[in-house]
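Here's a quick tour of a small-scale question: how is this chain put together, and what are its odd spots? Have a look at the model, then read on.

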Amino acid sequence: MENNLAKIRKEKKIGQGYLVEMLGVSRQTISSIENGRCTPSLELAMDIANLLEMPIEDIFIHENRFKQP
């Protein structure tokens with residue numbers, strides 16, 4: 001799943017360390033999400049969105065497979 005996490009985090013001047021501390025995950029987890037190597041659980045994605053005070057769909061991009069042509 002694509003995401004804008006690194007871009008948004010940098011725009012808000014938030015370091016990875018802050019996310020690690022607030023979310024209780026490893027720096028490797030945040031790095032892997034930002035680089036698209038892993039997809040966060042729904043719970044973690046929602047926690048990230050709440051922490052950044054943004055709609056989840058502004059951070060995580062999921063292609064809608066059910067779009068009408």
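## Layout and two unusual loop residues

Reading from the N terminus, the elements of this predicted model follow the order β-α-α-α-α-α-β. That comes to 5 helices and 2 strands. The radius of gyration is 12 Å, close to the 11 Å that the globule rule gives for 69 residues, so the chain is as compact as a globular protein of that length. Along the principal axes, the C-alpha atoms fill a box of roughly 45 × 20 × 20 Å.

What about the inside and the outside? Of the 69 residues, 33% count as buried. The chain exposes about 5000 Å², with carbon and sulfur atoms supplying 49% of that area. Looking at contacts with a separation of 6 or more, 52% come from residues 24 or more positions apart. On the charge side, there are 9 positive and 10 negative side chains, and the centres of these two sets sit 7 Å apart.

Now for the odd spots. Lys13 and Glu53 each have a positive phi although neither is a glycine. Here they are side by side:

| Residue | Phi | Loop between | Relative accessible area |
|---|---|---|---|
| Lys13 | about 55° | helix H1 (5-11) and helix H2 (16-23) | 77% |
| Glu53 | about 55° | helix H4 (42-52) and helix H5 (56-59) | 72% |

Are these two buried or exposed? Exposed means over 50% relative accessible area, so Lys13 at 77% counts as exposed, and so does Glu53 at 72%.

Note on methods. Residues numbered from 1 in each chain as written. Predicted model: local features only at pLDDT ≥ 70, side-chain atom pairs only at ≥ 80, totals over all residues. Heavy atoms only, no water. Helix = DSSP H or I, 4+ residues; strand = E, 2+ residues; numbered from the N terminus. Buried < 20%, exposed > 50% of the residue type's maximum accessible area, 1.4 Å probe, protein only. Rg over C-alpha atoms; globule rule 2.2 N^0.38 Å. Contact = heavy atoms within 4.5 Å. Areas by Shrake-Rupley, 256 points an atom, 1.4 Å probe, with all protein chains shown as cover. Lys, Arg positive; Asp, Glu negative; His and termini not counted. Charge placed at Lys NZ, Arg CZ, Asp CG, Glu CD.
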